[in-house]
Amino acid sequence: MDARFMDKINKEIKIEPKDWMPDKYRQTLIRQISQHAHSEIVGMLPEGNWITRAPTLKRKAILLAKVQDEAGHGLYLYSATETLGISRDEMTEQLLSGKAKYSSIFNYPTLTWADIGAIGWLVDGAAIINQVPLCRTSYGPYARAMVRICKEESFHQRQGFDILLTLCRGTQQQRNMAQDAINRWWWPSLMMFGPPDDASPHTAQSVQWKIKRFTNDELRQKFVDICAVQVKTLGLQLPDPDLKYNEQTGHYDFGVINWQQFWQVVNGNGPCNKERLEARQKAWNDGAWVREAAVAYATKRKEQEQSIAKPAAA
Ligand code: BYC
């Protein structure tokens, strides 16, 4: 069985829900896809914080649409995870108990409007670099969900860059705001790609199974190379004195990432971890009546259908 499975992986044949798969492959996918779904949903919180304070009606409508897109991404990803045999309730329980992680990036606060620009440019930009290869991931439902998600992410990235560009063409105070946001979001964005390859317990196996198509460090380097060029259009700087183009490698060298800070945030001690989980817990509690009503409605419908299918004997 294992050899047939690996043969399919090697031939780039997608694994589908009813196909045989090693239990560890299934568990890895449940872990990664559910954590990805949680990240989309928790990711709505820092941006949602600015919907009521967007500077114009147009910016408000765009931000509203973006945050709604993130909800949609979360829902496709929860559905893709359900095909692996875990329920939505179990996934939510894992998030709320702290067993399942969500992206470290969403544990930082959004202090000014420029943060919405920086999130779009850097956070969605990092998401695209990480997620475009996932359109070719070996598990069919995940790969197909990623195609649509990536299309929407590129719109998100463009809107973020547009916010920053507008600020940079404004007053000195606005340019300072944009620079300050980039200074705060740059290093956490690099951490989104996960720990360095030599400290990443899952990468080697996930690359072999073609769940991940590139390693964490490979994707991080791609991201740095792109941003180092794009920041010039803004006339701003990335907050890294060691950032420098390396003629020999053809890539940008960059400074040392504070991995201690990364693990602090991942392990629940970032600036907003508590607030984010409290918001999700509240949403879950407040939604209890909706879930109960949906179950009651479905039960009633089933009873009605059964009574139509089997009319009482005359
Ligand atoms: N934050 O062996 P590793 C978005 C954990 S949403 C927190 O490298 P793996 C967006 C990792 O889970 C962004 N935890 O793991 C949404 C593991 O712990 P567990 C989310 C992290 O899975 C709204 C441990 O560290 N994107 O883009 O091979 C608006 C060891 O790591 C992080 C995805 O989820 C982190 N940054 O690689 C805008 C994409 N990094 O699980 C944007 C799909 C690592 O053993 N996921 N950890 O307890 C992936 O590509 C991979 O799961 C990762 C990690 C590259 C993130």
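**Reading loops, helices and a ligand pocket**

Author: Let's start with E12, which lies in the loop between α1 (2-10) and α2. Keep in mind that this is a predicted model.

Reader: How do I read burial here: is E12 buried, partly exposed or exposed?

Author: Look at the relative accessible area: under 20% is buried, over 50% is exposed, and partly exposed is in between. E12 has 41% relative accessibility, so it counts as partly exposed.

Reader: And what about the backbone: what sign does the phi of E12 have?

Author: Phi is a backbone angle, and here you just check its sign. E12 has a positive phi, about 65°, even though it isn't a glycine.

Reader: Let me try K210. Where is it found, and what is its phi?

Author: K210 is in the loop between α9 and α10 (216-234). Its phi is positive too, at about 60°, and K210 is not a glycine.

Reader: Is K210 buried or exposed?

Author: Use the cut-off again: under 20% is buried. K210 has a relative accessible area of 17%, so it is buried.

Reader: Now for distances. How far apart in space are A54 and W113?

Author: Compare two things: the separation along the chain and the gap between C-alpha atoms. A54 and W113 are 59 residues apart along the chain, yet their C-alpha atoms are separated by 7.2 Å. A54 itself sits in the loop between α3 (44-48) and α4 (57-82). With a relative accessible area of 16%, A54 is buried.

Reader: Can we do that with a helix residue: where is I30 found?

Author: I30 is in helix α2. I30 and M91 are 61 residues apart in sequence, and 9.0 Å apart from C-alpha to C-alpha. As for burial, I30 counts as buried because its relative accessibility is 9%.

Reader: On to the ligand. Where does it sit, and which residues come nearest?

Author: Find the pocket, then see what surrounds the molecule. The ligand sits in the largest pocket. There are 31 residues around it, and the nearest are K101, S104, H202, K212 and N216.

Reader: What kinds of residues make up that shell?

Author: Sort them by class: 13 are nonpolar, 12 are polar and 6 are charged.

Reader: Which helices each supply at least two residues of the shell?

Author: Those are α2 (23-42), α6 (113-131) and α11 (259-269). Helix α2 gives the largest share, with 6 residues.

Reader: How do I spot polar contacts, and what distance separates N130 from a ligand oxygen?

Author: Look for pairs of N or O atoms within 3.5 Å. A polar side-chain atom of N130 is 3.0 Å from an oxygen atom of the ligand. In S200, a side-chain N or O atom is 2.9 Å from a ligand oxygen atom. With M192 you look at the backbone instead: one of its N or O atoms there lies 3.3 Å from a nitrogen atom of the ligand.

Reader: How much of the ligand does the protein cover?

Author: Taken on its own, the ligand has 1000 Å² of accessible area, and the protein covers 92% of that.

Reader: Last one: where is H202 placed, and how far is it from K212?

Author: H202 is in the loop between α8 (172-191) and α9 (203-208). Its relative accessible area is 38%, so it's partly exposed. H202 and K212 are 10 residues apart in sequence, with 9.6 Å between their C-alpha atoms.

Key: Residues are numbered from 1 along each chain as its sequence is written. This is a predicted model: local features need pLDDT of at least 70, side-chain atom pairs count only at pLDDT 80 or more; totals for chains, interfaces and linings use all residues. Side-chain values use heavy atoms; hydrogens and water are left out. A residue is near a molecule or strand if one of its heavy atoms lies within 4 Å of it. A polar contact is a pair of N or O atoms within 3.5 Å; within protein, one must be able to donate a hydrogen and the other to accept it, and residues adjacent in sequence count only if both atoms are side-chain atoms. Accessible areas come from the Shrake-Rupley method with a 1.4 Å probe; for residues, only the protein chains shown count as cover. On a 1 Å grid over the protein atoms alone, a cavity is a set of points where a 1.4 Å probe fits but cannot get out, and a pocket is an open set with protein on both sides within 12 Å along at least five of seven lines; lining residues have an atom within 4 Å of a point. A molecule sits in a cavity or pocket if more than half of its atoms lie within 2 Å of its grid points. Helices (H or I, at least four residues) and strands (E, at least two) are DSSP runs, numbered from the N terminus. Ala, Val, Leu, Ile, Met, Phe, Trp, Tyr, Cys and Pro count as nonpolar, Asp, Glu, Lys and Arg as charged, and the others, Gly among them, as polar. Buried means under 20% relative accessible area, exposed over 50%, partly exposed in between (1.4 Å probe, protein chains only).
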